[in-house]
Amino acid sequence: MNARQAWQGRSLVWAVDVAPGFRASLSSTGLGRGWESATVVALIGALLLFGLLTLHSASSVMAQRVDLPHYHYVGRQATGVVIGMLAMFACARVPTEYWQRFAPHLMLGSLALLIVVILPFTHAIAPEVNGARRWLRVGVTVQPSDLAKLAVIVWTAAMLVRKREYLRSLRRGLAPFLVGWTLVLVPIMLEPDVSTACLIVATGVTVAFVGGARVGHFVFLGLPLLPLAGTVLVSGYRGARWQSLLLDPGTGADGSAFQAYQSLVAIGSGGVTGVGFGEGRQKFGFLPEAHNDFIFAMIGEEWGFAGALAVILCFLALLVVGFRIARQARNLFSQLLAVGIVSLIGFQAFLHIGVGLGVFPATGLSLPFISFGRTNLVVMLAAVGMLLAVAREASGGEA
């Protein structure tokens, strides 16, 4: 054997040894096996990268206006991406049985944080911002209602497994869920944060319905609550926003519908391909919260219809793959957990997009993985980690 043949032989052995490790690299990290997990990771990575680019464009002017570096907000968001990715990796490695076991603890912990936010003597750590108390500032800023979204999903899924024999009964079946949801919703409404409360209700009801709860029970209990819900939704500034939206969006362009009007202007200005990355005009003080509540409008302005459609398709693909993972889950709890996580991402994404398009009044809900907000980002990535754990266990990975 000459030197060339010997080198080729060693190269072949090296390739045989290394190739299996490379093919199994995704599952070896705990992020699951199969094309579903790989697709979820790819979609999340694309949304995160696009989100950082869009956030820098949307927030640079606002940062410089208050003598901060142009990269201030995107730098803070990048730290949230790092923390969130670590949380995603960690949650992907945690067996779903642990979440089922500790569901009550998650619920009680989130409830405790929500109560701290609204207590009258906690203004030092829970200050009022824009007329609402939603954040805890204890060295880092945390929004407990974001934690509550995930806690409600885990708790609801765990309770459905425990109560599945009694779901045909209103008193022993659905009533405990209503009590648990109400305990969380009351402090959120007192912050006030009506949009997050509605999001939690929608997600919780979806999980309960998939878990076997009777539609008739929801109708029976929901009808008497409709007047109360209607009163809450049209009270104060919310009523003015609904009126402007339903009657004539242009009439509130200088008041209640100012944000929605400017959002439509931004999206309309983008046309098919957009005005160009970084060239948007609405971020120069015309569109408030362009980096958060209305970042989809910035996408429409700078990236046009093509960019907005690409984002929507990414979320739709994430939903389709997520529900496929739920269908393949190895047990009822894992299935309901996956359904809840996918529903949360879907509801929040399309409510945000609907606000940007003028379908709904301003809600204050961020666009997952794209809008500025580190608590929401970390919680969403942790939830994706749980979804990947469901996929890993379903495909025969280590529990």
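**Helix 3 and helix 13.** I began with how these two helices run relative to each other in this predicted model. I looked up their axes and found that those of helix 3 (residues 34–65) and helix 13 (residues 295–327) come within 10 Å and cross at roughly 160°. Angles over 145 degrees count as roughly antiparallel, and I therefore noted helix 3 and helix 13 as roughly antiparallel to each other. I also wrote down that their crossing is left-handed. Sorting the contact of helix 3 with helix 13 by class, I listed 19 nonpolar, 3 polar and 3 charged residues.

**Second largest pocket.** Next I turned to the second largest pocket, where about 220 Å³ of space lies. Which elements give two or more residues to its lining? I found helix 4 (72–93), strand 2 (140–142) and helix 15 (374–394), and I noted that the largest share, 4 residues, comes from helix 15. Among the lining residues I marked Thr 79, Gly 80 and Ile 83, then Val 140, Thr 141 and Val 142, and also Leu 147 and Arg 374. By class, I recorded the lining of this pocket as 6 nonpolar, 4 polar and 1 charged residues.

**Aromatic pairs.** Last, I searched the whole structure for aromatic pairs, and the search gave 5 of them. For Trp 155 and Phe 177 I read ring centres 6.0 Å apart and planes at 65°, so I entered the pair as edge-to-face. This pair links distant parts of the chain, since Trp 155 sits in helix 7 (residues 144–163) and Phe 177 in helix 8 (residues 170–190), 22 residues apart.

Key
Residues are numbered from 1 along each chain as its sequence is written. This is a predicted model: local features need pLDDT of at least 70, side-chain atom pairs count only at pLDDT 80 or more; totals for chains, interfaces and linings use all residues. Side-chain values use heavy atoms; hydrogens and water are left out. On a 1 Å grid over the protein atoms alone, a cavity is a set of points where a 1.4 Å probe fits but cannot get out, and a pocket is an open set with protein on both sides within 12 Å along at least five of seven lines; lining residues have an atom within 4 Å of a point. Grid points are joined across faces, edges and corners, and a volume is the space filled by probe spheres set on the points. Ala, Val, Leu, Ile, Met, Phe, Trp, Tyr, Cys and Pro count as nonpolar, Asp, Glu, Lys and Arg as charged, and the others, Gly among them, as polar. Axes are lines fitted to C-alpha atoms, for helices over the stretch in contact, and angles run from 0 to 180 degrees between N-to-C directions. Angles under 35 degrees count as roughly parallel, over 145 as roughly antiparallel, 65 to 115 as roughly perpendicular and the rest as oblique. A crossing is left-handed if the near helix is turned anticlockwise from the far one by less than a right angle, and right-handed if clockwise. Rings of Phe, Tyr and Trp (its six-membered ring) pair if their centres lie within 6.5 Å; planes under 30 degrees apart count as stacked, over 60 as edge-to-face and the rest as tilted.
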